[in-house]
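Okay everyone, thanks for coming. I'd like to walk you through a model I've been looking at, so get the viewer open and follow along.

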Amino acid sequence: MRLVTATGLVKSYGSGRAARRVLDGADLEVHAGELVAIVGPSGCGKSTLLHLLGGLDLPDEGSVELGGRRLERETARGLTELRRDYVGFVFQFFHLIPELTGEENVLLPARLAADRRAATRRGRKLIADLGLSEAARRRPGELSGGEQQRLSIARALVNDPRVLLADEPTGNLDEESGHHVLGLLRSLASGERAVVLVTHDAEAARIADRVLRVQRGRLEE
Amino acid sequence: MTLPGGLTASVRRLRVHPGRTLIAALGIAAAAAMLGAAVTVAYGLHTGFDRSARRADLPDVIARFDDQPQQRVDARLRTLPNLRARSYRREFTGVPLDANGHASQNGVLQAVGGGRRGYAIVAGRDLRRPDEAVGERGVAREWNISVGQRIGIGNARLRVVGVAVSPDNVAFPLAKGPRVYVSQSALSPRIGTRVNIALIWLNDPSLLDQTLTQARAASFGVGGLRFLTRAGVRTTIDQAAGIVIALLVAFSVVALCSAGVMLMASAQAEVERRLQGIGVMRAIGFSPRAVVGQHVLDAGVLALPAGAAGIAAGALVASRPSANLLESINELPPGAALLGPLALALLLVVLLVAGSAALPAWRAARRPVVSVLRRGELAPVSRASRFPAGFLGMGMRLTAARRGRAFATVAVLTISAAVVLAMLGMATLLNGLRNDPGLVGKRYQLTVNAPASEVAAIRRVPGVQAAAPRYVLFAADSFLLGESLKVVAYPGDHTPFEDPPLASGRRLRSNGEAEVGTGIADALGVRPGSELAIELPSGREVRFRVTGLVRAFDNDGRVVYTRPARLLAADPSLTGEIAVKLAPGADQRAVARRLFAGGHPAQRITGGTTRNASFLSVLAALLRAVALVDGLVCLYILVQALALTARERRSTIAVLRASGAGRREVLLVLAGAALVVVLAAAPAAVLLELAVLGPAVSHLAASYVSLPLHARAGQVAIVVGALLVLAVAAAALAGRRLQREPVVAGLRSD
Amino acid sequence: MLALLLVAAAAVAGCGSSGASDSTLHSTWIDPHHSGQLERGPGEPFVERTELARRSRPVRQLALFAQFTDAHVRDEESPARVPFLDRYGGAFSSTFRPQEALSPQVLTATVRAIDALRPQAVVETGDLIDNDQFNELTQALAILHGGEVDPNSGAPGYSGVQSRSSPDPLYYRPDVDAPRHLGLLAAAERHFRSPGLKAPWYPVVGNHDLLVQGEVAPTAALNAVATGSRRVVQLDPSVRVSAADERFAAAEVAHLLANGLPGRTAYTPPDPRRRLLQPPELLARLRAASAAGGSGPLLRYSFDIGPDLRAIVLDTVRRDQGSGGIISPVQVAWLRSQLASAGRRWVVVFSHQALTTFPEAQPALALLDHDPHVIATIAGNSHRNRIEARRTPAGGYWVITTSSLADYPQQARAFRLVQTADGRVALETWMIDHDGGDMAGVARELSYLDVQGGRPNGFAGARSDRNAILFR
């Protein structure tokens with residue numbers, strides 16, 4: 001089952017002579033149960049691609065289809081819905097809210113869910129499953145990077161998204177934590193869910209079902 | 001134009017974020033505008049009397065007396081010590097005047113003799129010939145008289161050759177009669193040599209009392225003698241407008257403080273925005289001093305034009321109503337003299353902004369570089385702090401996390417809101433002063449011009465609860481002749497009719513006792529137990545034992561309450577009026593009609609200040625203008641604080657949006673962030689107004705009386721409600737900007 | 001030779017300043033801002049007056065003497081006073097003065113200033129006292145003699161029109177009115193010490209020494225008022241007062257005082273020491289206390305000041321009533337004999353009223369006009385500093401009057417007769433400010449402010465009326 005379809009994505013930054021075309025006709029399909037790793041040198045457009053896939057940004061040209069909905073045709077409200085229900089994000093810098101406890105951070109998206117109770121239940125279970133019960137009571141500032149990243153993964157999963165988009169999830173972690181997180185992501189890419197991973201991490205590339213390289217604005221296997 | 005390197009760099013830095021720079025500049029300009037308006041009003045009004053007195057060459061003493069041959073008066077006057085100059089006038093009141101289709105039966109005609117005039121010509125020229133007249137500015141304005149036109153004086157028509165201003169009284173129509181000057185030679189020779197006013201200039205005005213003592217010694221046989229000193233003239237003018245002017249000046253002082261706090265907060269916010277930059281500069285080896293220098297320079301470069309524009313705008317907005325106000329009390333606008341204080345205000349703005357930038361920059365620059373790079377530490381929020389769950393609560397937490405800034409924002413907002421509350425209180429007070437005699441301690445509503453023997457008949461009129469003879473006379477302290485005062489006397493207990501609150505001592509109980517208003521008591525240094533000697537216009541002296549000091553509003557607190565027995569003994573010609581107190585619920589007009597029917601035309605008592613509607617509307621315009629600016633300031637503070645929070649928490653918002661938060665949720669978070677400030681500021685503002693601002697303004701305006709300047713419940717509700725609306729509006733404004741940018745923009749900024 | 005001359009000149013010039021800190025040649029009181037506040041200012045150098053003779057360098061001092069006049073030492077608490085007439089002005093303006101309670105202190109401050117000058121003689125040219133009262137003379141003589149002075153009369157402390165409780169604001173009340181001097185009156189009534197005049201002093205009688213209020217001869221009725229316990233506080237409204245001319249005013253005062261008290265009266269503590277002096281008693285006491293000798297009903301005598309100067313004192317006071325002067329033919333004859341006996345000595349003539357001010361003095365003036373030795377007549381009474389040249393066939397002389405101690409400027413006068421380089425003489429004269437001690441400074445300040453006083457009336461005169469070298 002195709003969860004994500006991107007065709008002919010073009011994205012530039014800047015304007016005039018300074019303009020730089022980061023993506024130049026990138027195509028991608030992601031299927032359920034798949035873990036796709038996207039690799040490439042810094043600034044090649046990996047993260048940009050991920051943002052376009054998740055509807056955090058819109059392409060200059062080309063289209064992205066999530067669960068059968070074309071993002072470029074969606075209203076702001078529609079995009080918000082898609083982000084809420086269909087996609088989960090994991091960031092290199094975790095982006096936990098420092099004033100909230102681990103658990104409050106994880107359950108933040110649950111407030112937005114259609115079925116808040118179910119989402120909350122799922123969130124609590126995720127905390128327990130990921131061994132974060134202790135961390136959940138604390139604030140991000142008091143936690144290790146690994147714990148923070150696992151919390152952010154739990155947050156991304158609270159609304160049970162079909163697609164998990166992870167931007168350098170291990171980039172800020174030590175080897176052991178990174179290993180742990182990657183294991184977790186690998187296990188998540190199953191059933192109806194797919195994981196797209198942007199990474200430098202060789203290990204990450206190793207565990208992926210497919211590894212795609214961004215080259216000259218395109219994706220190559 | 002080439003700028004020095006540092007300035008060029010500053011300008012370049014400010015250009016990097018034109019929007020942000022614009023916002024900061026707007027904030028500075030708004031505060032500066034408030035300052036400019038406050039300085040314009042306060043300086044113009046505060047210095048108005050002295051300035052106008054100087055321009056008009058107002059005499060140090062104006063002596064009024066019954067008609068005398070000028071030679072006779074001059075023979076005495078020229079023997080006075082400390083005498084610099086003297087000139088004489090003959091005043092006629094109740095003169096029919098008409099011009100341009102306007103007419104008055106209450107005209108005041110002053111025939112001026114040679115020597116110094118005591119007025120300033122503001123248009124045309126001074127009198128030269130017998131067939132010429134000079135009109136006072138008030139009447140010239142009110143009747144549209146221009147130089148060259150003719151004015152009817154009695155049955156003569158004289159050419160108006162000039163327009164004059166003299167702050168020896170308020171201007172027509174605030175004063176009852178329009179005033180016109182003619183030269184003494186215009187009068188028939190038969191009466192031309194008699195005078196009833198002497199203008200006296202002294203070499204050393206500080207020795208006024210000493211000179212007046214001598215003048216009194218020389219005054220034997222001159223009837224109805226009254227000295228009006230400059231201080232006394234000021235009181236006369238104050239009676240019409242002083243309390244209001246004092247309120248405005250006091251208010252301007254408060255506005256000034258508020259603007260200062262705001263400028264500081266805004267400058268601090270600007271530094272916080274650039275904390276990262278500070279970290280980088282420090283990391284690559286800039287000294288703290290260099291970092292601070294750069295911030296001070298940037299702040300100064302921004303504050304100078306923004307402050308200048310703001311101050312100019314504020315001054316411009318306030319100058320017209322301020323000038324109108326001054327005109328109505330016969331004073332002159334400051335003109336170019338205002339530029340000095342405005343320049344000082346600009347300097348203050350620049351210094352304040354630069355200083356406020358320097359302090360946090362210094363603090364930041366001295367912190368460990370790493371912590372600065374990490375964007376400063378957030379204050380750990382204690383777990384005990386309970387905010388409501390949900391996005392609103394989350395927004396509150398975001399604000400509360402930045403404790404210092406939250407505190408500053410609350411403080412500025414508190415002051416601003418308290419100022420608005422104080423202003424509303426002032427408006428209420430003004431209204432009350434106009435309509436409610438009770439507010440100024442008068443418990444009677446009507447007066448009847450009738451001898452004391454009519455009291456019994458008046459008491460019998462239905463709707464009348466009480467009536468008593470009331471004697472009023474203007475006199476001076478006999479020991480300090482420069483101190484003028486008003487004497488109010490009732491044969492019995494005066495408190496049913498006038499009950500100014502007792503500040504110390506006790507009420508009077510016998511003929512030889514008096515209660516003294518704190519206004520004059522302060523000037524004379526009398527206390528309960530002191531002796532008070534009053535010099536009556538008849539030249540007699542009457543003494544009383546002071547039993548208590550009262551906070552009286554009347555005559556700027558320069559008032560003495562007593563019983564008439566001793567006054568009548570000293571001056572049997574003294575006549576009173578009858579004060580009429582209405583029964584509860586009785587209709588003032590109806591009772592007045594019944595009194596009229598009984599042959600007792602009655603006058604209605606109003607409050608302590610002028611009845612002139614246009615004067616009050618000018619004041620109201622001034623108040624509204626400042627209130628509006630202050631309201632905008634509140635909005636700006638909130639938007640600024642929110643923009644800062646939103647910017648700083650861009651990533652947090654972005655994560656929320658990435659997690660599927662929509663417009664509504666983002667708005668809730670921002671609203672929460674704004675509300676927490678408003679919710680803290682609103683009660684603080686009410687408290688500040690009640691406990692500090694109201695009493696302070698009251699004291700500044702009139703230390704001799706406590707003015708009811710506290711905001712009413714309704715006004716508090718309005719202000720709190722407005723603040724809430726402003727919070728939501730601010731959230732909407734900030735939210736719109738956030739909503740427009742792609743989610744990823746917030747994430748990328750890290 | 002030249003050097004010697006210079007030394008002599010310096011010595012002469014130095015004389016005027018020797019110890020006389022109150023000499024107005026060095027410093028005097030001025031009102032620089034015309035504000036009514038006196039300050040110490042620069043001195044006034046001599047004005048050379050050459051109307052009678054050309055100027056010439058002084059080479060030798062022949063005599064040094066001082067004059068003070070019109071001290072008006074007064075018992076301001078006395079019931080035999082008419083301060084309520086003061087407000088009518090004109091001739092009545094001396095019936096009340098704001099500084100009147102301080103007259104003994106002013107005289108004492110003047111005595112100190114004169115003593116500092118170390119003159120050979122001091123002449124008091126009349127109106128030593130104000131109201132012909134026994135206690136006034138006692139005070140004045142105590143001051144001039146030196147020792148303890150009791151300025152009080154009646155009950156202890158002040159009781160009069162200036163007291164704090166006085167309800168009449170036309171009187172200056174120092175405890176409450178501006179300029180406020182708390183406790184001034186109480187202090188004015190306290191005992192104090194006077195150093196006394198160190199030089200011999202010579203009295204001249206004035207009308208106030210011999211007449212009640214300077215106008216009325218003492219009578220039994222008046223004496224009863226003076227020693228009685230009722231004081232007029234307000235004049236009966238039916239009494240018509242006119243201050244138009246002095247003679248009429250005198251009659252009015254006489255009438256008021258003689259015919260009982262016309263108006264509202266108040267109790268005042270009586271004092272038998274307020275009794276009025278008859279002329280013989282007054283003259284006897286003056287003669288006994290001073291260096292004036294002689295006897296008889298008139299206080300006329302002569303004395304020498306050094307070997308070169310003869311002083312002749314005339315008695316010009318009427319004994320009946322009024323302040324105008326009189327000189328009887330007998331006294332003119334006496335004057336002629338005195339002038340004749342003066343020989344080659346220079347002559348100065350002292351009188352209370354200046355001889356030029358009343359027609360009855362014409363015969364006396366004619367005598368002086370024909371005597372080449374007369375260099376000056378010196379008087380008081382006018383309360384005004386004035387120096388006029390009187391040109392006569394005999395060479396002329398200077399007619400000098402001096403300000404009173406009662407009114408501003410409260411100055412005494414110093415005189416020095418010097419021989420000039422061309423063999424003639426010059427009379428140097430300069431004013432002496434009293435030293436201001438013991439509240440006398442306050443008295444000067446009040447006298448300056450007084451609207452009926454010496455300031456508006458120009459009693460200080462012109463500069464040439466004050467410090468001048470009068471060449472003869």
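Let's start with chain B, which has 23 helices and 20 strands. Keep in mind that what you see is a predicted model. So how much of chain B counts as buried? Of its 750 residues, 55% do. Now take contacts in chain B between residues at least 6 apart in sequence: 85% of those join residues at least 24 apart.

How far can we trust it? The mean pLDDT of chain B is 83, with 86% of its residues at 70 or more. One stretch to be careful with is residues 376-384 of chain B, where pLDDT stays under 50. The model gives that stretch 13 contacts beyond four places in sequence. As a rule, where pLDDT is low, you shouldn't read the predicted coordinates in detail.

Okay, let's zoom in on the early part of chain B. Helix α3 there covers residues 48-55, and its buried residues are B:Gly48, B:Phe49, B:Arg51, B:Ser52 and B:Ala53. Notice that B:Arg51 is on that list. After α3(B) comes B:Asp57, and its phi is positive, near 55°.

Next, strand β1 of chain B, residues 61-69. Which strands does it pair with? One is β9 of chain B, residues 194-202, antiparallel, over six bridges. In that pair, B:Pro69 sits opposite B:Arg194. β1(B) is also joined to β10 of chain B, residues 226-229, again antiparallel, this time by four bridges. There, B:Val61 is opposite B:Thr229. In case you're new to this: strands of a sheet pair through backbone hydrogen bonds, and they can do it parallel or antiparallel.

Now jump far along chain B to B:Ile653, in helix α20, residues 650-658. Buried or exposed? B:Ile653 counts as buried, because it has 27 C-beta neighbours inside 10 Å, and the cut-off for buried is 20 or more. What does B:Ile653 touch, if we skip its neighbours within four places in sequence? B:Ala646, B:Val666, B:Val669, B:Leu738 and B:Gly746. Look at B:Leu738 in particular: B:Ile653 and B:Leu738 are 85 residues apart in sequence, but their C-alpha atoms are 8.5 Å apart in space.

That brings us to the nonpolar cores. The largest one has 304 residues, and the members that touch the most others are A:Leu197, B:Leu642 and B:Ala674. Helix α21 of chain B, residues 663-701, gives the most to this core, with 19 residues. Apart from that core there's another one, of 116 residues, including C:Ile143, C:Ile327, C:Leu335 and C:Val442. For background, nonpolar side chains in soluble globular proteins tend to be buried together.

Let's follow A:Leu197 over into chain A. Beyond four places in sequence, its contacts include A:Leu35, A:Val36, A:Ala37, A:Ile38 and A:Leu185. A:Leu197 falls within β8 of chain A, residues 194-198, and β8 belongs to an open sheet of six strands. The order in chain A is β6-β7-β8-β3-β9-β10, and the pairing is mixed. Which strands stand at the edges? β6 (87-90) and β10 (218-220) of chain A do; each has a single partner strand, so one side of each has no neighbour in the sheet. On average, neighbouring strands are turned by 20° against each other, ignoring direction. At the β10 end, β9(A), residues 210-215, pairs with β10(A) in the antiparallel sense over three bridges, and A:Gln215 is opposite A:Arg218.

Helices pack here too. Helix α6 of chain A, residues 145-157, touches β6 and β7 of the sheet, and its direction makes about 170° with that of β6(A). Helix α7 of chain A, residues 175-188, lies across β3, β7 and β8, at about 145° to β8(A).

Last stop, the places where chains meet. The contact between chains A and B takes 22 residues from chain A and 20 residues from chain B. On the chain A side, helix α2, residues 76-85, gives the most, with five residues. By class, that side has ten nonpolar, five polar and seven charged residues. Chain C meets chain B as well, with 20 residues from chain C and 23 residues from chain B. The elements giving two or more residues on the chain C side are α11 (440-449) and α12 (454-457). That side splits into eleven nonpolar, five polar and four charged.

That's my tour, thanks for listening!

Technical notes: Residues numbered from 1 in each chain as written. Chains lettered and ligands numbered in written order. Predicted model: local features only at pLDDT ≥ 70, side-chain atom pairs only at ≥ 80, totals over all residues. Pairing = 2+ DSSP bridges. Axes fitted to C-alpha atoms, helices over the stretch in contact; angles between N-to-C directions. Contact = placed C-beta atoms within 7 Å. Nonpolar A, V, L, I, M, F, W, Y, C, P; charged D, E, K, R; others polar. Core = buried A, V, L, I, M, F, W, Y, C linked by C-beta atoms within 7 Å. Buried ≥ 20, exposed ≤ 12 C-beta atoms within 10 Å, placed from the backbone. pLDDT = per-residue confidence, 0-100.
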